[in-house]
Each structure stands twice: as C-alpha cells, then as structure tokens.
Amino acid sequence: MASDLLNQRTSGVLLHPTSLPGPHGCGDFGPNAYYFVDWLHTAGQSLWQTLPLGPIGPGDSPYMGSSAFAGNPLLVAFEPLVERGWIAAEALQTSFNDESISYGVVVPWRLQKLREAFAGYQKAASAADQQAFADWLLQEHSWVGDYTLFMALDQAHSPSLWPEWPAALARRDPTALAAARTEHAAEIGFWGFVQWQFDVQWKQLKAYANQKNVHMVGDLPIFIAHHSSDCWSRPDLYELDASGNPLVIAGVPPDFFSETGQRWGNPLYNWAAMKADGYSWWIERVKRQLSLADVVRIDHFRGFVGYWEIPASEPTAVKGRWMPGPDYDLFAAIEAALGKLPIIAEDLGVITDEVVALRTRAGFPGMRILQFAFSDDASNNFLPHNYERDTVVYSGTHDNDTVKGWWADCTERERAYAGEYLHTDGSDVHWAMIRACAQSVANHAVCQFQDVLGLDGRHRMNTPGTVGCWTWRFKWDWVNGAAAETLAHITAAARRTSFERLPLPAYPEGKNKP
C-alpha cells in the first residue's frame, strides 16, 4: 500500500506531534493526537507529515538526536500509563505554557514522570505486560541494546561526550561493556521501557490513522549526531580519529544565504566501510523508519551524490570540498533487501543533473516549495505550471516562515508577482497558496498546519541557523470548523480525496475546548 501511495493524488498537513495541545508541556501521542487524525479525516486529508520522531539533540532539534533508531521520550503520552495503573493521574498535575514548549523545564519533568511510571510498571505489570516488553526487546535487538547502554553511560558520565568516557568504554572493550550492563541494569531497563512504550503508542496511533485513510509521512535526516549510540557502537562506519573524534564534518558551502556556508558538525560516513559491510546499517535504519511510517522523506538527498566535507578543525564551512557519495549503489542495496521504497527525496538547494538522475533512477518524487517560486520569472521550477506529477509540493516546510509571515517579509516584487499569480491581495494568501498547491499537477500537496489556521510569522517552527526554535504549539481554540471545511473543499475540487467528509468529532474532554 505504501509504495502505491506515492502514485496516487493526495493531500496532507505537516505538523510535528510536539506541537499538539495537551497538559504535559508538549504534544505527545495522547488523546489530542487522535483528535488531530479525526480532524485530518474530516478535512479530506490523507497524509500526516511529521518531523523526525527520534530524540532531540543540541538546540532541541529533532535532526540531531542520540539515536537514528530510537523514539523521542517526550512523545510518550501519560494517559495510557495512567490507564495501566503505572502512574497516578494526581502525580501529573502541573501548569505548563500551552502555546510553546519550555524544553529546559519540560524535559526533566517528563523524564522524571516516566521514571515513576517505570517504577509502577515494575511493581504492577502483569505477566502479559512483562512478556510483551521482553518480546519487543528481542524484536528490536539490532539497535535497542546499544542504545539503552549508551543512554545509561551517558547519564553516568554526563556531560562528557563518549570519546571522553573511560577508555575501555569508549573503545567498547567487551569486558568493560559486560560489567557496565550489570552495573547499570536498572537504568538500561528504564530506557528500554520508554522506547517500548514509544513504539506501542505510536503504532496504535498509526493504526488508528490508517483506518481513517490517513497515512503517516516520516522524516529521516541524512546524517547522525556524533554523540549518539550509532556513532559509539559502530565507529568504523564514520570518519573518526583514533580517539573517536570526527576528522571531517558535514555542512554546505558558502552561498547566497551565507558567506561562510553552514557548518553542521555531524560526523561523515565512511562510505567505503559501509559498502564493504553491505550497507547493513542503512538497511536496518530504513527498515526501522518504514516500520514507523507509511512513507519516509529523506532530508538533504543531494548528499548521496556529493557532500560538502569540512575539516573538523575549521570554524566555518569555507574550506570544505565536495566528495562523492554512494549514489545509486546504496539505494539498490536497500531496495534489494526491503523491496520498493516509499521515499520522498528532499532535493532542494543547488541541485545538479547527477542528483536529478539519482532521484529519477531510484523512482523517488522530489520536492517543490511554493514560497520559493516568486523571486524569478515564469521559468522558475517552483511555480506550479512547471511541476511534474512525480512531485510533492509544499506551501512551506518547517524551515520556512508561515505563508502570512512570508507575505509580510518578502520583497515588493515577490509580493506583486505572487499576488498576480495567486490572484490575491494578501488577505487570504494562505488559502491562495494552499489552493495553488492542491490544483497543481503534483501528485502530492502538503501544507503546514499553521497555514491552514492562517497564522503569522510568530508561529514559525524553525528558522535555520538560529536558536530557540522547535517550540511552537497550537490550541484547539484556534481551530474552527471553517478551516476544515475550506481545506476539504479545496482538496475535493482538486481530486485529492475520494471519500465523503464526516461531521467534526467531539473535542477531547478537557483539552482546550473552544
């Protein structure tokens, strides 16, 4: 079904689960996630696109986490844990900001409550629960053992990075690892419990969404973080020195937007070693992501053809160089192992003919951003009349401003061109862009939920290169029936839905009723 989905004409909404309403400091997989699925179904949408669901990293970014396989503990909902009797509802009483996430407060609070739930599980879990947990650990053994041990050691040796741990642990001496598993057994158990509950809750939510004809679109960052279980457990797969520190790091070269380029800091893959290993790590990674989503977007797709290699000692990206990536060889190996891949290629930026050739050969649709369309003339590839069917068009992504924010800040020329092209004076520019995306020939049209709600630039999710991002949340008070009605009409008129809309369901009890 998932591979066929990319050949259909669909419409969807981009919203990360942390942006959902809820009483516990950030959105999660609780009741509000189910209501959002109902809202999508009512609005005629068949795609729910998220950001990466993995742990957050420096700057609270979901693109730089401690594991390429694990889930974000912040997304584990407490309501199911209360229902199981593992934590009391009274222990969850608090008052958080319901329009943004204060990570410095929310993260330690939620982790402490998860620890209390784990203690409750240890006291009250049924034999069936214990067996389900054991079965899950066995099923996910390829990554969960290294991840849970890494997290236990990270807690024990914080704030040191893994190359600074005791040498025997940093270089993964078998005797030292065995001793650590015994010493930190309780902490290892906790992190395993959290990941088990993440999987159980997400897969229940995904099943509910699929029953409503809503399919999940995941997000896979091309690179991983240096301080991660992935890098620590398989240092041979990365360009590291003898101590485990990166020799070279990822980024992009200087361009119109930055005179010094972007120095991301991720370690770079040792592609020769990965090829010699049959790309097994990548096969397992994609397999894991496809178990969590119906379709997966791969970020920075052009890096598989050529990537910008920066010496780790350099403070900027200026003195980097282009290096060849694995190209089609990698995707041929993954497809041979997993079958036809339901993947969207994020092919933005300076895209060469070689990148287009790889995407075409792999059979992946590319991306277009409508906000990028009006800075040039009618030949601009981001204008709808220049799209191909094998395309996913966005009014804007998480890295863009909201449509209203863009309209307020774009140049006079862009505003004049967009006004003429979209037939708008700006008062309804968000709907004009959503309509243009929907009516295009592109197979898939996706918009940010902020744009459905007509919100301005204060509600932007991320501004690349800045701090204090990823905090945005909405309230159900802001969502009225007219938004679902308008989006459903646009979607149906553009032949992107084939089922009848249903009446709006009741709001979840106690969840910011309008």
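This passage describes the sheets, one helix, some backbone features, and the cavities and a pocket of a predicted model.

Two open sheets are described here. In one, eight strands are arranged in the order S9-S6-S3-S2-S1-S12-S11-S10, and their pairing is parallel. The edges of this sheet are taken by strand S9 (343-345) and strand S10 (366-369); each has a single partner strand, so one side of each is left without a neighbour in the sheet. Averaged over the sheet and with direction ignored, neighbouring strands are turned by 25° against each other. Within this sheet, strand S1 (residues 10-14) pairs with strand S12 (residues 444-448) through five bridges, in the parallel sense. In this pairing Leu14 is placed opposite Gln448 of S12.

The other open sheet has four strands in the order S5-S4-S7-S8, with antiparallel pairing. Strand S5 (262-267) and strand S8 (321-324) are its edge strands, and because each has a single partner strand, one side of each lacks a neighbour in the sheet. From one strand to the next, the twist averages 50°. Strand S7 (residues 306-311) runs antiparallel to S8, and four bridges join the two. One residue of this pairing is Gly306, whose bridge partner in S8 is Pro324. In general, the strands of a sheet pair through backbone hydrogen bonds, and the pairing is either parallel or antiparallel.

Among the helices, H16 (residues 412-422) has the buried residues Glu414, Tyr417, Ala418, Gly419 and Leu422. Helix H15 (403-409) and helix H17 (429-439) are included in what covers these buried residues of H16. The residue that follows H16 is His423, which has a positive phi near 55°.

Most residues other than glycine have a negative phi, and most peptide bonds are trans. Against this background, several further backbone features can be listed. Tyr279 is not a glycine, yet its phi is positive, at about 55°. Tyr279 belongs to the loop between helix H11 (271-276) and H12. Its relative accessibility is 5%, so Tyr279 counts as buried, the cut-off for this class being under 20%. Asp327, also not a glycine, has a positive phi of about 55°. The loop that holds Asp327 lies between S8 and helix H13 (328-338). With a relative accessibility of 30%, Asp327 counts as partly exposed. A cis peptide bond is found between Ser158 and Pro159, with omega at about 10°. Pro159 is located in the loop between helix H6 (141-157) and helix H7 (167-170).

The interior of the model was examined for enclosed space, and seven cavities of 30 Å³ or more were counted. The largest cavity holds about 290 Å³ of space. Its lining consists of 31 residues, and those nearest the centre are Pro52, Gly54, Ser67, Ala68 and Pro221. Helix H9 (185-211), strand S3 (215-220) and helix H12 (280-292) are the elements that give two or more residues to this lining. The largest share comes from S3, with five residues. S3 is also a member of the parallel sheet, placed between S6 and S2 in the strand order. By class, the lining of the largest cavity divides into 21 nonpolar, seven polar and three charged residues.

The second largest cavity contains about 70 Å³ of space. Leu14, Leu15, His16, Ser19, Leu51, His398, Gln448, Gln450, Met461 and Trp472 form its lining. This lining includes Leu14 and Gln448, the residues that stand opposite each other in the pairing of S1 with S12. Five residues of the lining are nonpolar, five are polar and none is charged.

Among the pockets, the second largest holds about 600 Å³ of space. It is lined by 30 residues, with Ile56, Gly57, Pro58, Ser66 and Asp154 nearest its centre. The elements giving two or more residues to the lining of this pocket are helix H4 (103-124), H6 and S5. H6 gives the most, with five residues. S5 is an edge strand of the antiparallel sheet. The lining of the second largest pocket has 17 nonpolar, 11 polar and two charged residues.

Terms used. Residues are numbered from 1 along each chain as its sequence is written. This is a predicted model: local features need pLDDT of at least 70, side-chain atom pairs count only at pLDDT 80 or more; totals for chains, interfaces and linings use all residues. Side-chain values use heavy atoms; hydrogens and water are left out. On a 1 Å grid over the protein atoms alone, a cavity is a set of points where a 1.4 Å probe fits but cannot get out, and a pocket is an open set with protein on both sides within 12 Å along at least five of seven lines; lining residues have an atom within 4 Å of a point. Grid points are joined across faces, edges and corners, and a volume is the space filled by probe spheres set on the points. Ala, Val, Leu, Ile, Met, Phe, Trp, Tyr, Cys and Pro count as nonpolar, Asp, Glu, Lys and Arg as charged, and the others, Gly among them, as polar. Two strands pair if DSSP finds at least two bridges between them. Axes are lines fitted to C-alpha atoms, for helices over the stretch in contact, and angles run from 0 to 180 degrees between N-to-C directions. Buried means under 20% relative accessible area, exposed over 50%, partly exposed in between (1.4 Å probe, protein chains only). Contact means heavy atoms within 4.5 Å.
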